[in-house]
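Visitor: Please take me through a single part of this model at close range. I would like one connected account, with values where they exist.

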Amino acid sequence: QVQLVESGGGLVQPGGSLRLSCVDSANIFSPYAMAWYRQVSGNERELVAAINSGGITKYVDSAKGRFTISRDNAENTIYLQMNSLKPEDTAVYYCNAPFSWWTSRSGDYWGQGTQVTVSS
């Protein structure tokens, strides 16, 4: 059964850091690009960062310089290291696969989401 399981969200003060994890429990997405999205209630999900099978990455402008996406294929896991967090980063963060690298379109599989709240 295909399952993406996120963890690592929580409440953090502005300027703080969090590290999100997403486990590909069926171990099928290592040949594919994967991505992190986020969604604020009432808005569409937006792409935050993506990583292809070779480790090449891309980011939305608001994440550049603050967030780092990485993957460990041996652990079937991708990560999102988020530094210098701002209140506007508050959202539910979702893992997605397989991400279409050339069209930047999301794939069919989503995790359950993990809440990130940035507040003092």
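Guide: Let us take strand 3. This strand is mostly covered, with five of its seven residues buried. The model is predicted, and the values below are computed from its atoms.

Start with the span and the neighbours. Strand 3 covers residues 18-24. Strand 1, residues 4-7, is joined to strand 3 by four bridges, and the two run antiparallel. Within that pairing, Ser-7 has Ser-21 as its bridge partner in strand 3. Strand 8, residues 77-82, also pairs with strand 3. Six bridges make that link, again with the strands antiparallel. Here Val-23 stands opposite Thr-77 of strand 8. In a regular strand, side chains alternate between the two faces of the sheet.

Next, the covalent link. The structure holds one disulfide. Cys-22 and Cys-95 form this bond, with an S to S distance of 2.1 Å. The pair ties together distant parts of the chain: Cys-22 sits in strand 3, while Cys-95 sits in strand 9, residues 91-99. The two cysteines are 73 residues apart. The disulfide is left-handed, because the torsion about its S-S bond is about -80 degrees. How accessible are the two partners, Cys-22 and Cys-95? Cys-22 has 0% relative accessibility, so Cys-22 counts as buried. Cys-95 is also at 0%, and therefore buried. The cut-off for buried is under 20% relative accessible area.

Now the empty space. Rolling a probe the size of a water molecule over the atoms shows where such space is left. The count comes to one cavity of 30 Å³ or more. The largest cavity holds about 30 Å³. Asp-24 is in its lining, and strand 3 takes in residues 18-24. Thr-77, the residue opposite Val-23, is in the lining as well. The other lining residues are Phe-29, Ser-30, Met-34, Arg-71, Asn-73, Asn-76 and Ile-78. By class, the lining has three nonpolar, four polar and two charged residues.

Follow the chain out of strand 3 on either side. Ser-30, one of the lining residues, lies in the loop between strand 3 and strand 4, residues 33-39. Its relative accessible area is 26%, so Ser-30 is partly exposed. From Ser-30 to Pro-87 the C-alpha distance is 32 Å, with their positions 57 residues apart in sequence. On the other side, Gly-16 is in the loop between strand 2, residues 10-12, and strand 3. Gly-16 has 17% relative accessibility and therefore counts as buried. Gly-16 and Asn-83 are 67 residues apart along the chain, yet their C-alpha atoms are separated by 6.1 Å.

One contact elsewhere rounds off the tour. Thr-114 is in strand 11, residues 114-118. With a relative accessible area of 9%, Thr-114 is buried. The side chain of Thr-114 reaches the backbone nitrogen of Gly-9 at 3.1 Å.

Back to strand 3 itself. Its bridges run to strand 1 and to strand 8. Its Cys-22 is bonded to Cys-95, and Asp-24 helps line the largest cavity.

Methods:
Residues are numbered from 1 along each chain as its sequence is written. This is a predicted model: local features need pLDDT of at least 70, side-chain atom pairs count only at pLDDT 80 or more; totals for chains, interfaces and linings use all residues. Side-chain values use heavy atoms; hydrogens and water are left out. On a 1 Å grid over the protein atoms alone, a cavity is a set of points where a 1.4 Å probe fits but cannot get out, and a pocket is an open set with protein on both sides within 12 Å along at least five of seven lines; lining residues have an atom within 4 Å of a point. Grid points are joined across faces, edges and corners, and a volume is the space filled by probe spheres set on the points. Ala, Val, Leu, Ile, Met, Phe, Trp, Tyr, Cys and Pro count as nonpolar, Asp, Glu, Lys and Arg as charged, and the others, Gly among them, as polar. A disulfide is a pair of cysteine sulfur atoms within 2.5 Å. Buried means under 20% relative accessible area, exposed over 50%, partly exposed in between (1.4 Å probe, protein chains only). Two strands pair if DSSP finds at least two bridges between them. A polar contact is a pair of N or O atoms within 3.5 Å; within protein, one must be able to donate a hydrogen and the other to accept it, and residues adjacent in sequence count only if both atoms are side-chain atoms.
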